[in-house]
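Visitor: Could you walk me through this structure, a bit at a time?
Guide: Gladly; let us look at it together and begin with a pair of helices.

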Amino acid sequence: MTQENPFGQVLVALVTPFTADGEVDWPGVEKHIDHLIKGGADGIVVTGTTGETSTLTDPEKIRLVEVAKDVASGRAKIITGGGSNETAHAIELYKHSEQAGADGIMIVTPYYNKPTQAGILTHFRMVADATDLPVILYDIPGRTGVPIKYETILRLAKHPNILAVKDAKGDFSEVSRVLNQTDLMYFSGDDANVLPHLSIGASGLIGVTANIAPAPYRTIVDAVNRGDLATATAAHQQLEPLVRAVMTHVPGTVAAKYILHGLGRIGSPRVRLPLVGPEEWEAALIEDEIDHVRGVEGVDFRNFRPDRNAAAGGALPKVAGTTR
């Protein structure tokens, strides 16, 4: 690896704790970030998909960077996620994030517009030009409608600020080709595939389940770093039912908040509309998976008290978000 990693290796795609009426719970945000860093996270991605970027206002996004930076106090890198499907808006957001103290930015492929590869290339280049921060490209065609094609990734790799890709496409042969042909770092963007990604040369992960259990991800990364596949595999297998609970029945944010609230780690499981809490049958499926979780470091489900009623529905915040 010729690049130095400015992002960390165990990055948490942070949920944004809300109050029961859908406002940001700022003390809850501080407490949650501190807990994650103490558990082994060395990077926090605020305002990403998991942070409900689509329904946060721009001032909330900037304040999340400021609060996270303050809480981290040098212990972890603070990366700002999200962006916009409007290039001009994305540039403004990332400029303000840089001023607020972000250590890096993660730019999602423009969603909904379905741009061509030329449009994607121009979007990423213009946003990367507008900041001095290191950039992670976020390739998640399941959410955006369009992939960043291999040829486009190779061209973007030539930009001095673009250093990494968060991969939620899951094409491991492509990851290997890009790692072979560029200096880009890769971060696993799919909780179930963290160990496979690391095993072919990824630098780290940006995980949802890590909101609940950062320590085992630290174990996996440290084990891979020292070439200890057996330890990494054991931790990967222990995490599997928890990953299934978080990632397969409802959106990851919804499940993560439901579980964190049940563990007493956040004050409310509330999400903002159009997201809603799990239905009764979905909650039952999540809880069935949790029954299979054994020995995951830093998580004790013996005192798990999920609250379907507190999670029901979704909130309309006082101030609407800024998504166009």
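**Helices and a buried loop residue**

Guide: In this predicted model, the axes of helix α10 (residues 229-247) and α11 come within 7 Å and cross at roughly 115 degrees.

Visitor: Which residues make the contact there?
Guide: On the α10 side the contact is made by Ala245, Val246 and Met247, and on the α11 side by Gly252, Ala255, Ala256 and Ile259. Sorted by kind, the residues of this contact of α10 with α11 are six nonpolar, one polar and no charged.

Visitor: OK, and how do α3 and α4 cross?
Guide: The axes of α3 and helix α4 (residues 117-129) come within 9 Å, and they cross at roughly 25 degrees. That angle makes α3 roughly parallel to α4, since angles under 35 degrees count as roughly parallel. The crossing of α3 with α4 is right-handed.

Visitor: Which residues of α3 and α4 meet?
Guide: From α3 there are Thr87, Ala90, Ile91 and Tyr94, and these meet His123, Met126 and Val127 in α4. The residues of this contact of α3 with α4 divide into five nonpolar, two polar and no charged.

Visitor: Changing topic, how many residues does α2 have, and how far does it reach?
Guide: Helix α2 (residues 58-72) has 15 residues and reaches 21 Å from its first C-alpha to its last, which is close to the 21 Å expected at 1.5 Å a residue.

Visitor: Which of its residues are buried?
Guide: The buried residues of α2 are Asp58, Glu60, Lys61, Ile62, Leu64, Val65, Val67, Ala68, Val71 and Ala72.

Visitor: And what covers them?
Guide: The cover over the buried residues of α2 includes two helices, α1 (26-38) and α3 (87-99), together with the strands β2 (43-46) and β3 (77-80).

Visitor: What follows α2?
Guide: Serine 73 follows α2, and the phi of serine 73 is positive, near 50 degrees.

Visitor: One last spot: where is isoleucine 266?
Guide: Isoleucine 266 is in the loop between α11 (252-262) and α12 (280-290).

Visitor: Is isoleucine 266 buried or exposed?
Guide: Isoleucine 266 has a relative accessible area of 6%, and because buried means under 20%, isoleucine 266 counts as buried.

Visitor: What does isoleucine 266 touch?
Guide: Leaving aside residues up to four places away in sequence, isoleucine 266 touches Pro17, Lys257, Leu260 and His261. Proline 17 is 249 residues apart from isoleucine 266 along the chain, and yet their C-alpha atoms are separated by 6.6 Å.

Conventions
Residues are numbered from 1 along each chain as its sequence is written. This is a predicted model: local features need pLDDT of at least 70, side-chain atom pairs count only at pLDDT 80 or more; totals for chains, interfaces and linings use all residues. Side-chain values use heavy atoms; hydrogens and water are left out. Helices (H or I, at least four residues) and strands (E, at least two) are DSSP runs, numbered from the N terminus. The expected span of a helix is 1.5 Å times one less than its number of residues. Buried means under 20% relative accessible area, exposed over 50%, partly exposed in between (1.4 Å probe, protein chains only). Contact means heavy atoms within 4.5 Å. Axes are lines fitted to C-alpha atoms, for helices over the stretch in contact, and angles run from 0 to 180 degrees between N-to-C directions. Angles under 35 degrees count as roughly parallel, over 145 as roughly antiparallel, 65 to 115 as roughly perpendicular and the rest as oblique. A crossing is left-handed if the near helix is turned anticlockwise from the far one by less than a right angle, and right-handed if clockwise. Ala, Val, Leu, Ile, Met, Phe, Trp, Tyr, Cys and Pro count as nonpolar, Asp, Glu, Lys and Arg as charged, and the others, Gly among them, as polar.
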